[in-house]
Amino acid sequence: MTETSFLFAPAGLLTVSLVAGLFGLLFGSFLNVVIHRLPKMMQRESDNYVASESGQPLPHTERYNLTLPRSACPQCSHQITALENIPVLSYLFLRGRCSQCKTPISARYPLIELLTGLLSAGVVWRFDSGWMGLSCLLFLYALIALTFIDLDTQLLPDDITLPLLWLGLLLNVNQMFVPLQEAVLGAAAGYLALWSIYWLFKLATGKEGMGYGDFKLLAALGAWMGWTMLPAIILLSSLVGAVVGISLIVFRRHGRNQPIPFGPYLAVAGLLAMMHGQQVTAMMRQLFG
């Protein structure tokens with residue numbers, strides 16, 4: 001273990017990774033709440049703002065945030081108990097159904113918990129349990145939340161992208177990942193790269209090819225990993241996005257004019273670049289010379 005592994009210094013790296021995996025399962029349960037509620041919180045805030053500007057009564061007055069009201073079955077309003085909220089195990093014990101009305105529960109909830117747990121273990125195995133490892137866990141959790149929110153709503157909330165960007169810059173003040181100059185250039189170049197593509201595409205076609213949230217997410221990735229990693233991230237995300245997009249059109253009859261969120265591909269490429277930056281760069285060089 002490295003000298004920065006202060007959280008579980010007596011334990012071996014495997015033990016630390018397993019502990020991180022268990023914590024990831026728990027945090028994955030919280031991410032499910034963020035993914036479900038944050039877009040609704042944004043919509044409610046927008047609705048209230050429009051109503052207040054027009055002098056109308058506020059449509060949403062009850063408290064609604066990441067903690068209130070308590071999670072409940074959308075069909076019968078049965079409040080989820082602590083035992084029913086144990087990551088993965090509760091889903092298996094309940095056989096994927098509400099304990100009261102037997103309405104099926106989406107399998108995505110335990111899958112996100114499992115994904116978060118496995119990736120948390122992988123991050124700590126790669127970076128250990130020091131400040132770098134803890135920082136990368138925050139990076140991972142932000143990308144997971146952004147990925148599924150974008151898949152659901154085609155939104156990348158500023159409440160996640162902007163703190164992620166600033167955190168990357170702050171961590172690189174002491175060159176945790178890259179020198180601060182590279183991080184600042186990465187943030188600026190990441191934003192401007194997709195901003196330029198957006199306007200070129202709009203001028204050529206009259207259509208919007210992506211959202212501003214994509215600009216901010218790539219800026220955040222640049223703030224964490226520096227401008228030198230941006231070409232690999234852009235190429236990898238575009239390659240994966242093209243393959244998935246063509247597959248959806250061919251096999252699922254996804255309409256050509258139906259938008260496909262780009263944020264998940266940026267998130268996957270960003271995580272791969274963080275975990276295996278040198279290998280990703282080498283692969284891109286082989287593919288594109």
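1. Leucine 83 is exposed in this predicted model, and its relative accessible area comes to 68%. Leucine 83 is found in the loop that runs between H1 and H2, and its side chain takes part in a nonpolar surface patch of about 440 Å², where the other members are Ile86, Leu89 and Leu92.

2. A reader following the loop between helix H1 (13-53) and helix H2 (89-93) will come to proline 69 there. The peptide bond that joins leucine 68 to proline 69 is cis, with an omega of about -5°, and this deserves a careful look, since most peptide bonds are trans.

3. Serine 77, which also lies in the loop between H1 and H2, is not a glycine and yet has a positive phi of about 65°. Is serine 77 buried or exposed? With a relative accessible area of 55%, serine 77 is exposed, because the cut-off for that class is over 50%.

4. Valine 88 has its place in the loop between H1 and H2, and although valine 88 is not a glycine, its phi is positive, at about 65°. Valine 88 counts as buried, because its relative accessibility of 15% falls under the limit of 20%.

5. The backbone values of points 3 and 4 may be read against a general background: most residues other than glycine have a negative phi. Serine 77 has a positive phi and is not a glycine, and valine 88 likewise has a positive phi without being a glycine, whereas in their surroundings serine 77 is exposed and valine 88 is buried.

Definitions and conventions:
Residues numbered from 1 in each chain as written. Predicted model: local features only at pLDDT ≥ 70, side-chain atom pairs only at ≥ 80, totals over all residues. Heavy atoms only, no water. Helix = DSSP H or I, 4+ residues; strand = E, 2+ residues; numbered from the N terminus. Buried < 20%, exposed > 50% of the residue type's maximum accessible area, 1.4 Å probe, protein only. Patch = residues over 30% accessible without salt bridge, like charges linked within 9 Å, V, L, I, M, F, W, Y side chains within 5 Å. Areas by Shrake-Rupley, 256 points an atom, 1.4 Å probe, with all protein chains shown as cover. Salt bridge = Lys/Arg side-chain N within 4 Å of Asp/Glu carboxyl O.
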